[in-house]
Amino acid sequence: MNVHDRRKLVAGNWKMNGSLAQLKELAAIAEAARAAASVDVAVCPPFTLISAAVTRAGGVPVGAQDCHARGSGAHTGCVSVAMLKEAGAKLVIVGHSERRADQHETDAEVRAKAEAALAGGLTTIVCVGESEAEREAGRHVEVVAAQLAGSLPDHWSGGELVVAYEPIWAIGTGRTATPYDVADMHHAIRAALTARFGDAGGRIRILYGGSVKAENAAELFAVDDVDGALVGGASLTAAQFVPIIQAAAGA
Ligand code: PGA
């Protein structure tokens, strides 16, 4: 499939940031999303803000940053896919490197979460990415290939599977991978997806994440096989997020 057949997706990951007051940012984000008709936009605030965000987001899909693989039960502190859907979530991020590090999530757990989310009909963004040491050792492609092999479901129906490549050393650091490095990795990911899933692998959107901002968005979106961005810090205000949406529309 040609890159032009995949709509760009620009998703904001608020992480453990935001408040009811901060939802005022959503009005301008929604307006920019309406103007950028060729781009899909989404915002993933903390769990506690999802349902309020849905009422304020003017039709922009709202998502979560994690889910549990089980539907219900004795899992204190966890949130199921059904609960997310009841709150109005349309998508979920799973396997973010911060959760893989802080909550020791394994590929197998990420895969189980992705399976549950997809079965529930959610757009499911599965994150992968290498550490700085792994890149310096020249192991980045191998590491990401192993994460993909372990974290993605074998088959799915219901929701849409999306992959986000987020080099850990680029997250929240202001350092971005060069367009050359991004092209290299996104080609490797595309090859792995088509080898495993055939035509369906050509339809999976591959997002780049890691210090995406207004200044670098256009050059990243111009890279082959970059089908959008997962944006952390720069998604917290409309002033920073809207130019990224606009860059995707111009790409
Ligand atoms: P960042 O975060 O844009 O703040 O680097 C991206 C992410 O972790 O999803």
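A residue counts as buried under 20% relative accessible area, as exposed over 50%, and as partly exposed in between (1.4 Å probe, protein chains only). The model is predicted: local features need pLDDT of at least 70, side-chain atom pairs count only at pLDDT 80 or more, and totals for chains, interfaces and linings use all residues. Residues are numbered from 1 along each chain as its sequence is written, and side-chain values use heavy atoms, with hydrogens and water left out.

**Exercise 1.** Classify W156 and F197 by burial, and describe the aromatic pair that they form.

*Solution.* Step 1: W156 has a relative accessible area of 26%, so W156 is partly exposed. F197, with a relative accessible area of 14%, is buried.

Step 2: Rings of Phe, Tyr and Trp (its six-membered ring) pair if their centres lie within 6.5 Å; planes under 30 degrees apart are stacked, over 60 edge-to-face, and the rest tilted. By this rule there are two aromatic pairs. One of them joins W156 and F197, with 5.0 Å centre to centre and 85 degrees between the planes, and is edge-to-face.

Step 3: Helices (H or I, at least four residues) and strands (E, at least two) are DSSP runs, numbered from the N terminus. W156 is in the loop between helix 7 (140-151) and strand 6 (161-165), and F197 is in helix 8 (residues 179-197), so the pair ties together parts that are 41 residues apart in sequence.

**Exercise 2.** Locate R7 and identify its surroundings.

*Solution.* Step 1: R7 belongs to the segment before strand 1 (8-13). Its relative accessible area is 36%, so R7 is partly exposed.

Step 2: Contact means heavy atoms within 4.5 Å. Leaving aside residues up to four places away in sequence, R7 touches A37, S38, V39, D40, R205 and D227. R7 and R205 are 198 residues apart in sequence, yet their C-alpha atoms are 8.1 Å apart in space.

Step 3: A polar contact is a pair of N or O atoms within 3.5 Å; within protein, one must be able to donate a hydrogen and the other to accept it, and residues adjacent in sequence count only if both atoms are side-chain atoms. The side chains of R7 and D40 make such a contact at 2.8 Å.

**Exercise 3.** Describe the shell around the ligand.

*Solution.* Step 1: With a heavy atom within 4 Å as the criterion, 13 residues surround the ligand, the closest being K15, H96, E166, G172 and S211.

Step 2: A side-chain N or O atom of K15 is 2.7 Å from an oxygen atom of the ligand. A polar side-chain atom of H96 also lies 2.7 Å from a ligand oxygen atom.

Key: Nonpolar A, V, L, I, M, F, W, Y, C, P; charged D, E, K, R; others polar.
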